[in-house]
Amino acid sequence: MSTASAKSVAIIGVGGIGTYILRAFLNLPNRPKIIVFTRSDSKGKAVPDDLASVPVVSVDYTDVAALTTLFKDHAVDVVISTVAGLPTAQKAQYSLADAAKAAGSVKLFAPSEWGLPTEGAKERGESNVFAVKDEFADYLKSIGLPYARFYTGLFAGYLPWLLALDVTSSVHIIGKGDKPLSLTSETDIGGFVAHVLTNYPLSSPELVNQSFRIQGQSITLSEAAQIYGKSIVYIAEGEQVPAGSEVESGYKTAMQTEVEEGRGSGGWDRRTSTYSPELAGSANKLWQGHVWQTLESIIGKN
Ligand SMILES: *[C@@H]1O[C@H](CO)[C@@H](O)[C@H](O)[C@H]1NC(C)=O
């Protein structure tokens with residue numbers, strides 16, 4: 001068994017969390033080789049200026065042959081997919097996985113999870129983005145490609161948006177707002193990913209085929225309102241969370257409904273529909289000594 005940690009990492013997409021993961025790798029003293037893939041169509045995002053030293057390849061995510069050649073040429077051993085969470089975008093990952101398998105160099109594939117735990121969503125017949133992600137993990141298993149799934153909870157940067165603080169001056173809550181959710185800062189998510197992939201051998205039991213449940217803090221939406229110092233508007237049944245557009249309103253409402261039903265925590269297990277507080281943040285221990293950011297520390301109130 002090889003004892004090497006990541007030597008050559010491909011990050012797919014830098015439109016969101018990919019940027020934070022990239023920045024975290026760049027901050028490491030002994031960082032692996034990094035290459036960034038962006039979509040070759042008009043939706044491909046540019047790498048922020050401070051990260052411009054990293055080689056970026058613009059590639060068609062459905063071109064398995066081109067992707068295979070890239071993985072091989074760069075001897076990529078870890079693929080980190082951050083393709084957008086929408087079901088249509090998730091489809092691009094199948095060709096990325098096929099290419100990673102064909103290249104022969106890839107030892108670990110991190111599918112685009114970056115949210116609530118999805119394990120069990122497919123088996124339970126859910127028809128949502130959680131099931132789409134869960135189904136893709138099954139595909140990785142079916143082609144024999146080792147994986148690592150990162151469950152991060154809600155990105156802290158999205159919390160004001162989720163609570164409608166982007167469009168109103170009060171926190172808007174569906175239900176009672178008393179269920180715990182896992183909140184993690186984007187910086188800590190990037191830091192955790194870079195840390196574990198460079199501190200554990202890629203073939204170690206800590207990494208291979210693991211699901212990581214990380215969490216900066218467990219918090220309820222009411223507690224968040226208090227920390228922000230904002231009044232709460234409780235949304236009437238059947239009404240939506242305010243947003244700039246109907247589509248966004250739908251996303252916020254769906255997400256808050258998940259939270260209100262108890263599924264916003266990394267302690268939730270979709271397979272058994274049970275909540276275990278100790279499951280939330282259970283992977284934090286892999287980053288020993290790290291002080292995780294909280295909403296209080298982020299807004300400077302600790
Ligand atoms: C990890 O999962 C892959 C399938 O995704 C499988 O082929 C491989 O044997 C597993 N490795 C270990 C060590 O369980």
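**View 1. The shell around the ligand, sorted by residue class.** In this predicted model, five of the residues lining the ligand are nonpolar, two are polar and one is charged. Here's the full cast: Leu140, Lys141, Gly144, Leu145, Pro146, Tyr147, Val208 and Asn209. Going by class, Lys141 is the charged one, while Gly144 and Asn209 make up the polar pair.

**View 2. Polar contacts to ligand oxygen atoms.** Zoom in on Asn209 and you'll find an N or O atom of its side chain sitting 2.4 Å from an oxygen atom of the ligand. Leu145 joins in through its backbone, with a polar atom there 2.8 Å from a ligand oxygen. Leu140 also uses its backbone: one of its N or O atoms is 3.3 Å from an oxygen atom of the ligand. As for cover, the ligand on its own would expose 360 Å², and the protein buries 49% of that.

**View 3. The stretch that UniProt labels "transmembrane region".** The unreviewed UniProt entry puts this feature at residues 6-26. In the model, the span comes out as 48% helix and 24% strand. From one end to the other, its C-alpha atoms are 13 Å apart.

**View 4. Where domain 1 meets domain 2.** Domain 1 takes in 8-152 plus 186-213, and domain 2 is pieced together from 155-183, 216-278 and 289-298. Their C-alpha centres are 26 Å apart. At the meeting point, 20 residues from domain 1 are in contact with 19 from domain 2.

Definitions and conventions:
Residues numbered from 1 in each chain as written. Predicted model: local features only at pLDDT ≥ 70, side-chain atom pairs only at ≥ 80, totals over all residues. Heavy atoms only, no water. Near = heavy atom within 4 Å. Polar contact = N/O pair within 3.5 Å; in protein donor to acceptor, adjacent residues only side chain to side chain. Areas by Shrake-Rupley, 256 points an atom, 1.4 Å probe, with all protein chains shown as cover. UniProt positions renumbered as here; feature names shortened; annotations may be inferred. Helix = DSSP H or I, 4+ residues; strand = E, 2+ residues; numbered from the N terminus. Domains from an automatic or database assignment. Contact = heavy atoms within 4.5 Å.
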